[in-house]
Amino acid sequence: VGSSPFLPTVLVESVETREEKKRRNTGYRAWCRKYGSKIVVFFFLLVLLDKIDDWNSSQTWNELLPTSIQHDYSHVTKIDDLSTSEVNNWCYRTRPLCTCADPLEPDNRRIESKLWSHQHHLNKERAASKQEIDVLFLGDSITEGWVGTSLSREIPRAKEVPKVFRKYFDSPNAQYEGLPLGISGDTSPNLLWRIQNGELPDKLNPKVIWLLIGTNDFGNTWCAPEIVVVGIVRVIEELRLRKPGAQIVVNGLLPRSYNRKGYVMKGRPSFLGRKPRLPSLWRDIVAVNEELKSYARRRSNVHYFESQVFFVDKDASLDQLRIRKSLMPDKLHPSAGGYRLWGAEIIRSLEGIIPTRL
């Protein structure tokens, strides 16, 4: 029915509306007949792939293999006690992209990066501006995260973190005065070079040096667990040599996971060959932390600290141990909430080492 001068306008519009609805419904039913079954199959495949992903990730890279830390480093009392001569393999199992550096030597390969060099320069300036402070934080991106940046660039996930740091370590009401010196992506040899080249000047005298380093030795350069231990202990011995009056706290490696659901005992499977298969690192992280704990136990000025606030349930069985997404969204870097809980733990630990300034 078209427009007609003999029909009321309202009636014409009503008839047109009904015909439009009829055509629309007919088209919708035709679309459903054509694509509906395909959509159902698509969602079925998504669910199936999810289940396959869970199964594959739990099988990734023979997680039940024993850790490869074969030697005890708790006896080390000086740099010369450290050696890698009896470590047969520096690389993480069969990882093909291993670029592991000598854990006993400083590594400045990253100096060619303008962003890295800029952050190193900022760290040197900050270190030179202080003399007597309560706690100096040294490390990688997790330490740099305290100032809300990654390689000196502000990042959205850490936008609120500087407020947490100011509350705990940089305000008139803070119990302790702190200074964070971190660079995103750094390994133990990278940090060793920074310590020897301006980030720990003679005039800077912290009462406590809080060290968190080593996760990139696994995830970036793919070093074997034993090499990770040697690299961290090498850094600690350098700190003991340069600042003999300081108390050193070695923070155990924080949990990390490549599994999209955050299970630490599951890795990331290869998806249609587009992404590389990545392992669970948790058993090796635990092994490294145990070795660091044993090393610290024999030193009067070295303390071991471990945080478990990032787990959904720290008492869960090993296969159910999972990182809480709200506290560590990318399963590696803490959120502002994660830093808040971790920072509160750090304060309680410091109270047992040095008196507060309040």
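This note covers the sheet and the disulfides of a predicted model.

1. Start with the sheet. Five strands build an open sheet, and their pairing is parallel. Read across, the order is E4-E1-E5-E6-E7. On average, neighbouring strands are turned by 20° against each other, direction ignored.

2. Look at the edges next. Strand E4 (178-182) and strand E7 (302-305) each have a single partner strand, so one side of each lacks a neighbour in the sheet.

3. Now take one pair of strands. E1 (residues 132-139) and E5 (residues 205-212) run parallel and are joined by seven bridges. To find a bridge in the model, go to Glu-132: its partner in E5 is Asn-205.

4. Turn to the cysteines. The whole structure holds two disulfides. With the bonded cysteines numbered in sequence order, the pairing reads 1-2, 3-4.

5. One disulfide links Cys-91 and Cys-98, with an S to S distance of 2.0 Å. The torsion about this S-S bond is about -75°, so the disulfide is left-handed. Cys-91 has 23% relative accessibility and counts as partly exposed, because buried means under 20%.

6. Cys-100 and Cys-223 form a disulfide too, with sulfur atoms 2.1 Å apart. The link is right-handed, with 110° about the S-S bond. This pair connects distant parts of the chain, 123 residues apart. Cys-100 sits in the loop between helix H1 (9-58) and helix H2 (114-128). Cys-223 lies in the loop between helix H6 (215-219) and helix H7 (225-242).

7. Are Cys-100 and Cys-223 buried or exposed? Cys-100 is buried, at 15% relative accessible area. Cys-223 is buried as well, at 3%.

Definitions and conventions: Residues numbered from 1 in each chain as written. Predicted model: local features only at pLDDT ≥ 70, side-chain atom pairs only at ≥ 80, totals over all residues. Heavy atoms only, no water. Pairing = 2+ DSSP bridges. Helix = DSSP H or I, 4+ residues; strand = E, 2+ residues; numbered from the N terminus. Axes fitted to C-alpha atoms, helices over the stretch in contact; angles between N-to-C directions. Disulfide = S-S within 2.5 Å. Buried < 20%, exposed > 50% of the residue type's maximum accessible area, 1.4 Å probe, protein only.
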